[in-house]
Structure formats: structure tokens, C-alpha cells
Amino acid sequence: MNDQPTPPVERIGTRTTLQKLLSRFHFGITLFAVALSGLTILLAGVTALRGYADRNMELAAQLGAYGVEPALVFNDPQAAREGLEPLTRIPGIARLRVLNDVGRPVTEWTSPAADPAPMLTRIFFPHPFAVTVQRNGSAIGTIEVWGDSSTLIDYVRLGLLAGLGCLLVTAFGTVFLARRFEYELVKPLNEIATVAHDVRLHRRFDKRVQPLGIAELDRLGGDINALLDELQGWQGHMESERAILAHRASHDPLTAMPNRAAFDEQLALHIEAAEARGSRFALLFIDADNFKAANDNFGHAAGDAVLVALSARIKETLRKGDFAARIGGDEFIVIIDPLDSETRAENLAGRIRGSVAEPVLLPGGETYRAAVSIGVATFPDHGRNATALLTAADAAMYADKLTSRSR
Amino acid sequence: MLASLFLIGTLFATPPMSAQAASQTVVEDDAGGMTRAVNRMVGGIVSYARWPDAAPASGRIMCVVGTPRLTDRMTPDLPGPGAITVRQTTAAAVTPECDILFLGRMPVGDRRQLIAWVRGRPILTITDDDAACLYGAMFCLNSRAASLSFSVNLDAIGRGPLRIDPRVLRIGRGEGGA
């Protein structure tokens with residue numbers, strides 16, 4: 001065994017509950033997933049949208065090229081303006097310009113609507129779309145189309161809104177998952193904790209953790225149960241040990257009768273109970289006559305046999321509820337409780353005398369006829385406390401002894 | 001579609017009023033500016049015409065009758081490759097071989113006779129001597145200040161088998177068109 005003391009377990013100042021931990025963990029994971037998928041979708045969407053926007057610009061430029069073609073042939077700015085008119089109604093076009101074959105601007109149009117997000121426009125449409133206007137295979141001019149962000153802004157707005165919605169769903173989902181986890185994980189843990197707490201606080205060693213659904217926790221529960229089994233075994237052993245010790249402390253080893261200490265305790269209890277009830281009880285003080293002589297004549301083993309026989313006969317004569325103790329070498333005492341009108345202590349004393357008078361077979365093969373002197377004291381007639389009662393009973397016993405000697 | 005409906009509509013309504021001046025070609029302010037502008041405009045008009053035989057505009061024969069007012073060097077400038085053969089002729093010598101008739105200044109009787117003869121034939125008629133475009137030529141060139149314009153006579157186009165690109169009709173019809 002290691003004699004070194006184990007260092008005290010360090011305690012963490014602030015604690016978090018498992019549910020909070022799980023909730024935070026879930027939120028993190030879900031947020032990450034949502035952000036990742038959202039970003040992917042947004043990127044894919046933006047790429048696709050950019051493709052469409054490019055295509056849109058290109059188609060607009062083609063349409064413009066078709067519209068302004070005769071105007072360029074006839075070098076007619078007014079007609080070119082008219083040719084561009086259908087394009088000015090297409091959303092997402094910021095600026096149009098028509099150049100003739102030598103690169104001089106013929107007409108130009110700028111959208112009256114302000115660009116909602118110039119930065120987006122710079123990212124998506126850094127250059128104008130230029131389409132060469134051809135007539136019979138030769139270039140007669142160029143049309144340039146600048147896009148703006150008005151069509152994209154809706155998508156971005158929608159994307160952001162969807163992202164926000166996802167975030168909300170994430171939050172709710174996290175709460176739901178955390179609840180679920182609380183049910184699945186925290187509940188069994190709590191069960192284990194409850195059992196441990198009960199055992200520690202109320203010494204309920206019979207408590208056991210119920211089988212749990214989660215394998216790891218079930219193993220933990222099983223280990224705790226095994227530990228409790230051991231504890232219960234120790235506890236039982238200790239209790240029986242303690243009972244033996246207590247019995248030893250309160251009983252006489254020879255006759256197995258309660259000893260003086262146990263008698264004092266019993267007497268106090270009986271006085272208390274009789275006082276509370278207003279009832280009566282009797283004390284019989286029994287002393288063996290000429291016991292010293294028996295001891296001397298037949299030896300200590302015979303004396304012990306006589307004492308054992310005496311105690312056995314006294315116990316035989318007692319009724320249920322009466323209490324007998326050996327309080328000295330050859331002194332016994334009996335508490336007769338309750339003492340009702342029919343039960344007379346003197347009668348009981350007579351019965352004890354009769355029973356004791358039967359011959360006792362000694363270890364040496366001889367027989368011995370024992371005799372006892374008995375003094376009776378009654379509560380509350382002869383005293384209201386232990387000392388007074390004992391003194392009274394002792395005195396009565398001596399009186400009885402003198403009488404029997406004179407007999 | 002709308003343009004052709006408009007054509008049919010104008011056919012029965014007020015024939016003289018269906019021609020309007022609109023196109024405003026800028027003429028460069030030098031010696032050959034007007035000639036270049038006229039040739040470019042005539043070439044452009046010819047390139048937007050479709051003959052029933054579906055052959056391209058290049059190689060067509062243009063017969064010039066009378067004296068053109070706006071230029072004395074009539075060489076239509078077709079956009080893209082190819083050119084138009086130009087023949088100077090008289091009203092009496094006009095044959096169906098001509099794909100395009102350019103009517104310069106000429107006696108009113110000759111003009112009326114030529115317009116009547118053209119009716120129903122796949123011949124494009126252009127004039128520069130009818131600013132209001134009232135005498136039956138399909139396209140009428142008109143010079144004003146430092147600009148050149150053309151008008152379209154939708155009745156005349158509607159009567160003939162030639163098809164003109166509606167974009168050109170739109171330019172020739174000016175603003176407020178369909």
C-alpha cells in the first residue's frame with residue numbers, strides 16, 4: 001500500500017450543466033453545418049446567377065445590336081436611340097452605348113435608377129458587354145451594355161433572409177436537440193447521481209441504479225451497483241459486529257443474562273414508562289444463599305454451573321415482558337412489569353423459590369440444592385427512583401435472608 | 001406583324017398621308033459629304049430590301065432615270081462586300097432587268113408612267129425629287145440643312161412584291177410608329 005496521502009482533487013470554480021454544454025456544442029455544430037451549406041448554396045447560386053446575368057446582358061446586347069443595325073447603316077443617331085429603347089425597359093442594365101464603325105459614339109443611354117449596390121456591380125460586371133453590329137459580314141459598329149446590381153440584389157437579399165431563417169431554425173433545432181439529449185443522457189446521469197446522493201446522505205445501501213439505455217452509463221451504473229453491494233456487505237458486517245459488541249457490553253458472558261449496566265438502563269426506562277402511564281411495577285432482588293459455601297465445597301466450576309442453572313430457572317419462571325439481569329456474583333434482579341392486580345410479586349417470588357429449589361446436577365456428578373433470598377420492592381410504593389427502589393429491594397432481600405436463616 | 005397590319009391599314013385609308021420624313025443622317029460638311037451620305041443611304045435601303053428571288057442585294061442593277069438632285073456620282077455604298085451596278089437610262093428605255101429604279105428630276109408624265117409600270121413588279125423605287133413622298137416612289141430622300149433623311153411610302157411598298165425590313169420602315173416612318 002502506498003502511504004503517501006493522495007492530493008486533494010482540484011475543484012473548478014464555475015461549473016456548467018451537461019445540458020448547457022451539449023446545447024453549446026450542438027449549436028456550434030449546427031451553425032457550422034448551416035454556414036457551410038449556406039455558403040455553398042450562396043456561392044453556387046451566385047455563380048449560376050452570374051452566368052444568367054451574363055447571358056442576360058449578352059442577349060440584351062444582341063437585341064440592341066439587331067435594333068440599332070439599320071440606324072448604324074444610315075448613320076442616324078435618332079434611329080439608334082429608338083433602336084435601344086426596348087433595352088431600356090430590361091431591368092439590370094445601367095448604361096448603353098452605341099459606337100459606329102470608327103469607334104465614335106452614336107448614342108448613349110444611362111439608367112435613371114440609381115445602382116442599389118455599386119460594389120456588387122463592380123464585382124459582377126467589371127466590364128461592359130460589347131457586341132459588334134454586323135451588316136452583310138462587315139462590322140458597322142459596336143454596342144456596349146453595362147449591367148447593374150438591381151437583379152442581383154434581390155437574390156442576395158433573399159439569400160440573406162434565408163440565412164437568417166436558417167439561423168432561427170438552427171436555434172430552435174438546437175434547443176430541441178438539447179432537450180432531447182437532456183432526456184436521453186442527463187436523465188440517466190441524474191438517476192445515478194440520485195442513487196449516489198441517497199446512499200451518501202441516508203445510508204440507503206439497498207438502493208440500486210436501474211438498467212440504463214446508454215451502454216457507457218449502464219456500465220457506470222453497474223459498477224456503482226457492484227460498489228454498493230460491497231458497501232452493503234461491509235455495512236452488514238459492521239452492524240453485526242457492533243451488535244455483538246453491544247451484546248457483550250450489556251450481557252454477562254457466563255449466564256448470557258443482561259448485566260448491571262443493562263439493568264440500570266432498563267430500570268430507568270421502566271420508571272419513565274410507569275410514571276408516564278401511572279402504572280406499577282415490581283423489583284425482585286434475588287440473592288443465592290450460601291453460594292460462597294457451594295463454591296468452596298465443590299469448586300468454581302460447580303459454582304458457575306449453579307449460577308447458570310439459577311439464571312435458567314429464573315428466566316423460566318418469568319412472564320413475557322419481564323426482565324431479568326445478573327448484577328453481581330450471585331445476585332439477580334427481576335423487573336416485573338406490568339404489575340396488575342392479579343399478579344402479585346410475592347407469588348412470583350414463591351414460584352422462583354420453588355423452581356430454584358430443584359436439585360442442580362454439578363459437573364462432578366453431585367447434586368446441589370440451591371436456595372435464594374428474594375426481596376420485593378414496588379414502584380411507586382417503595383420508591384420513585386432507581387436508587388430508592390434498589391435500596392428497598394435490597395433491604396427486603398436481607399430481611400428475607402435473616403428470616404430464612406432463623407427458619 | 002404590327003408593321004404589316006399598319007401597312008394594310010394605310011393601304012385603304014389615306015394613301016398620300018402615309019409617307020413621313022424621319023431619318024436624319026448627319027452629312028459631313030465637306031465637298032463629297034452629300035454624295036457619300038446619299039450613296040450610303042441608298043446602299044443601306046437596298047441592303048434591307050428582299051426580292052422575291054431571295055438573291056442578295058449585291059449584283060443588283062440600279063437604273064437611274066432623270067437627273068439625281070443630291071449627287072451627280074451615284075454609286076450606292078452597300079454595307080459589306082459587293083456592289084450595285086448603276087446604269088443611266090431614260091424613262092422609255094427602262095426594262096424589267098432593272099432591280100432598282102432611282103428617279104431623279106424628270107417630267108411629271110414620265111414619272112407617273114414609270115410608277116404605274118413598276119406596280120406589281122419586284123422593283124425598288126427610290127427618288128430624291130419628292131420631299132413629301134407623294135408621287136408613288138417607295139423611298140424618298142430629302143435633304144434639309146446639313147442633314148439627309150428618307151421617308152417611306154408604305155402604300156407603294158404594300159402594292160409591290162418586295163419586302164422591306166420593318167426596322168427600316170420604322171426609321172422611315174419616324175417616331176410614333178408601331
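Tutor: Let's begin with the inventory: chain A holds 10 helices and 10 strands. This is a predicted model, so please read every value here as computed from it.

Student: What share of chain A is buried?

Tutor: Of the 407 residues in chain A, 27% are buried. To count as buried, a residue needs 20 or more other C-beta atoms within 10 Å of its own.

Student: Then let's try that on a loop residue. Why is Asn75(A) called buried?

Tutor: Asn75(A) has 25 C-beta neighbours inside 10 Å, and the cut-off is 20 or more, so it is classed as buried. It sits in the loop between helix 1 and helix 2 of chain A. Its backbone deserves a glance too: phi is near 50 degrees, a positive value in a residue other than glycine.

Student: Arg203(A) also has a positive phi. What makes Arg203(A) exposed?

Tutor: Arg203(A) has 11 other C-beta atoms within 10 Å, and 12 or fewer means exposed, so that is its class. Its phi is about 50 degrees although it is not a glycine. You will find Arg203(A) in the loop between helix 4 (150-202) and helix 5 (215-250) of chain A.

Student: And why is Glu265(A) called partly exposed?

Tutor: The count for Glu265(A) is 13 other C-beta atoms within 10 Å; exposed stops at 12 and buried starts at 20, so Glu265(A) falls in between. This residue belongs to helix 6 (residues 260-277) of chain A. Its C-alpha atom is separated by 9.7 Å from that of Ser250(A), 15 residues apart along the chain.

Student: How do you know that Met106(B) is partly exposed?

Tutor: By the same counting rule: Met106(B) has 17 C-beta neighbours inside 10 Å, a value between the limits of 12 and 20, so partly exposed is the right label. Met106(B) lies in the loop between strand 6 (100-103) and helix 3 (108-118) of chain B. Setting aside neighbours within four places in sequence, it contacts Val65(B), Gly66(B), Ala91(B) and Arg111(B). The C-alpha atoms of Met106(B) and Val65(B) are 7.6 Å apart in space and 41 residues apart along the chain.

Student: Back to the helices. Why are helix 4 of chain A and helix 5 of chain A called roughly parallel to each other?

Tutor: Their axes come within 10 Å and cross at roughly 10 degrees. Angles under 35 degrees count as roughly parallel, so this pair qualifies. The crossing is left-handed. Helix 4 of chain A contributes Pro188(A), Leu189(A), Ile192(A), Val195(A), Ala196(A) and Val199(A) to the contact, while helix 5 of chain A contributes Leu217(A), Leu220(A), Gly221(A), Ile224(A) and Leu228(A).

Student: How do the residues of that contact divide by class?

Tutor: There are 10 nonpolar residues, one polar and no charged. Gly counts as polar under the classes used here.

Student: On to the sheet. Which strands of chain A stand at the edges, and what makes them edge strands?

Tutor: Four strands of chain A form an open, antiparallel sheet in the order 2-1-4-3. Strand 2 (105-110) and strand 3 (129-135) each have a single partner strand, so one side of each has no neighbour in the sheet, and these two are the edges. Neighbouring strands are turned by 15 degrees against each other on average, direction ignored.

Student: How do you know that strand 3 of chain A and strand 4 of chain A pair?

Tutor: Pairing requires at least two bridges, and these strands share seven, in the antiparallel sense. Within strand 4 of chain A, Ala139(A) stands opposite Gln134(A).

Student: Which strands does helix 1 of chain A lie across?

Tutor: Helix 1 of chain A lies across strand 1 (93-100), strand 2, strand 3 and strand 4 of chain A, running at about 140 degrees to strand 4. Helix 2 of chain A lies across strand 1 and strand 2, at about 35 degrees to strand 2.

Student: How many residues of chain A are in contact with chain B?

Tutor: 14 residues of chain A are in contact with 16 residues of chain B. Helix 1 (18-73), helix 2 (77-88) and strand 4 (138-147) of chain A each give two or more residues to that side of chain A. Helix 1 of chain A gives the most, with four residues. By class, that side has six nonpolar, five polar and three charged residues.

Student: One last backbone point: which peptide bond is cis, with omega near 5 degrees?

Tutor: That is the bond from Phe379(A) to Pro380(A). Pro380(A) is in the loop between strand 10 (372-379) and helix 10 (386-406) of chain A.

How values were computed:
Residues numbered from 1 in each chain as written. Chains lettered and ligands numbered in written order. Predicted model: local features only at pLDDT ≥ 70, side-chain atom pairs only at ≥ 80, totals over all residues. Contact = placed C-beta atoms within 7 Å. Axes fitted to C-alpha atoms, helices over the stretch in contact; angles between N-to-C directions. Parallel < 35°, antiparallel > 145°, perpendicular 65-115°, else oblique. Left-handed = near helix turned anticlockwise from the far one by under 90°.
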